[in-house]
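This report covers strand pairing, burial and salt bridges. The sequence and structure come first, and the text then takes up single residues and the strands around them.

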Amino acid sequence: MYRLQIPLLVIAALLGLFFSAEQSEAGDTIMPAQCCRCHGDVCQQSDTKLYVHAPFLENNCAVCHVRGGLSSAEPAVVAEDFPDEVSWFARACQENKEHWFELPSSLAGTTIALLATAGSGKILAQEVALPALDQLPPLPGPPGEGKISDLHLVEVKKGVFVSARIAWKTNRLANAQLFFGKEELSSTTAVDHCWATDHEITLAGLAANREYKFVAVSRDIAGNEVSSPAMTLSTRNFFARAARQPAAAPDNVALQAAFYQQEGRFFAHFAGNQPVTMRLGQSAQQALRTMGDGMAAKTPADHLALTDSRSLTITVCVGCHPQSHGVRSHPVDIAPKAGMVIPPDYQTLADGRLSCMSCHQAHASEHEYRLTRASRKELCLGCHRNFG
């Protein structure tokens, strides 16, 4: 699906990148020499490697690391009245127009930090005043029992591995999980913990020319579980949904918030004018500037806004490598299969999801395509040991 670019291996260091006010002669790039003032070890390691990332060779660190590929002449978007530090306690699972969160009830009546980022690089950073819990209406929901509907196979495709994407709806806010197997439902996916009514999970690493049984399972916020009837998918024939052309995004990111309670629990619903990823925290001027997933590096006050981890290791990659959307790429932005052990040098996002940088190195590597291991076979066997 996606491939190549900068990994989490050096995110902690990169969050301290210092971009001075100086510009190159072209006036539109940020030179590695400026970055290396704080990150000489990263630069020195890259200089000794055989395969080096093109933007680094072209003296343009900003194309990946600065939010939206900003040049040094462009201002960072920062909520200036935010406090100095942040503790992120919730984040959205994927880019979407709507997001639900369960907030700690202790935050009722306080103010939190909100950061919403669109795929285009547009950002909304603001403080949100939370109402008192006793002022909130009850969480809306249909009467009766929970139900699963519209369970269907979205696609079956052969890329690096054979995979199947399955979608369904629930009539209540719920999480999502799949049970599957060739003869029995002996395997499970990791639980998608996002509260939602529309669900989609990818089964990766399937065998070709086989049939699988699967059951969708969702648990609502009260812990009530509902399961679908067993269905069958075949990997004998492949099909994929047509790619949708992205709609023109509004100039600015805008959100509307609504808050609810249920038996002392605090829920927030955010609806946007375009798909965004989101995170919520308890204060954040410095963290909104660096977007550091809790690694609050103390950067200078005039530091440019850096790209967040997911964008840096997935979204940015696709911007320059659109072919990585194709069938020859490993799935990313998904959790590993239940029971799979990911080697420690295969970097993942903070919540364990795979990114492009699970297979590729950062700025440079001794291996072709900047792979984490010396060969593609060795790379695959790092996680898929049964393939050997």
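## A salt bridge between β3 and β14

R265 has a relative accessibility of 27%, so this residue counts as partly exposed; buried stands for under 20% relative accessible area, exposed for over 50%, and partly exposed for values in between, with a 1.4 Å probe and protein chains only. E102 is also classed as partly exposed, at 31% relative accessibility. The side chains of these two residues, E102 and R265, form a salt bridge with an N to O distance of 2.7 Å. Because E102 belongs to strand β3 and R265 to strand β14 (residues 265-281), the pair ties together parts that are 163 residues apart in sequence. A salt bridge here is a side-chain nitrogen of Lys or Arg within 4 Å of a carboxyl oxygen of Asp or Glu, and strands and helices are DSSP runs numbered from the N terminus (strands E, at least two residues; helices H or I, at least four). The whole structure contains seven salt bridges by this search.

## Basis of the values

The model is predicted: local features need pLDDT of at least 70 and side-chain atom pairs count only at pLDDT 80 or more, while totals for chains, interfaces and linings use all residues. Residues are numbered from 1 along each chain as its sequence is written, and side-chain values use heavy atoms, with hydrogens and water left out.

## Strand β7 and its partners

Which strands pair with β7 in the antiparallel sense? Strand β6 (residues 148-158) runs antiparallel to β7 and is joined to it by eight bridges; two strands are taken to pair if DSSP finds at least two bridges between them. Within this pairing, K157 has S163 of β7 as its bridge partner. The connection from β6 to β7 is a hairpin through three residues.

Strand β9 (residues 192-206) pairs with β7 over nine antiparallel bridges, and I166 is matched there with I201 of β9. Strand β10 (residues 211-219) is antiparallel to β7 as well, with five bridges; Q177 stands opposite V217 of β10. The short run β8 (residues 187-188) adds two antiparallel bridges to β7, and F180 has S187 of β8 as its partner. Five residues lie between β7 and β8 in their hairpin. Strand β7 itself spans residues 162-181, and 16 of its 20 residues are buried.

## Salt bridges of β7

R165 and E155 form a salt bridge in which the closest N and O atoms are 3.9 Å apart. R165 lies in β7 and E155 in β6, ten residues apart. Both ends are covered: R165 counts as buried at 13% relative accessibility, and E155 counts as buried at 7%. These two residues belong to a network of salt bridges that links E155, K157, R165 and E200.

A further bridge joins the side chains of K169 and D198, at 2.4 Å from N to O. This pair connects β7, which holds K169, with β9, which holds D198, across 29 residues. Here the two residues are partly exposed, K169 at 34% relative accessibility and D198 at 48%.

## W100 in strand β3

W100 is located in strand β3 (residues 96-103). The contacts of W100, leaving aside residues up to four places away in sequence, are L139, L173, W195, Y260, F267, A268 and H269; contact means heavy atoms within 4.5 Å. The C-alpha atoms of W100 and C194 are 7.6 Å apart, although 94 residues separate the two along the chain.

## Strand β4 between β5 and β14

How many residues of β4 are buried? In this strand (residues 111-118), seven of the eight residues are buried. Strand β5 (residues 123-129) pairs with β4 over seven antiparallel bridges, with A116 opposite L124 of β5. The hairpin of β4 and β5 has four residues between the strands, and G121 in this hairpin takes a positive phi near 100°.

Strand β4 also pairs with β14, in the antiparallel sense and over six bridges. In that pairing, A118 has V276 of β14 as its bridge partner.
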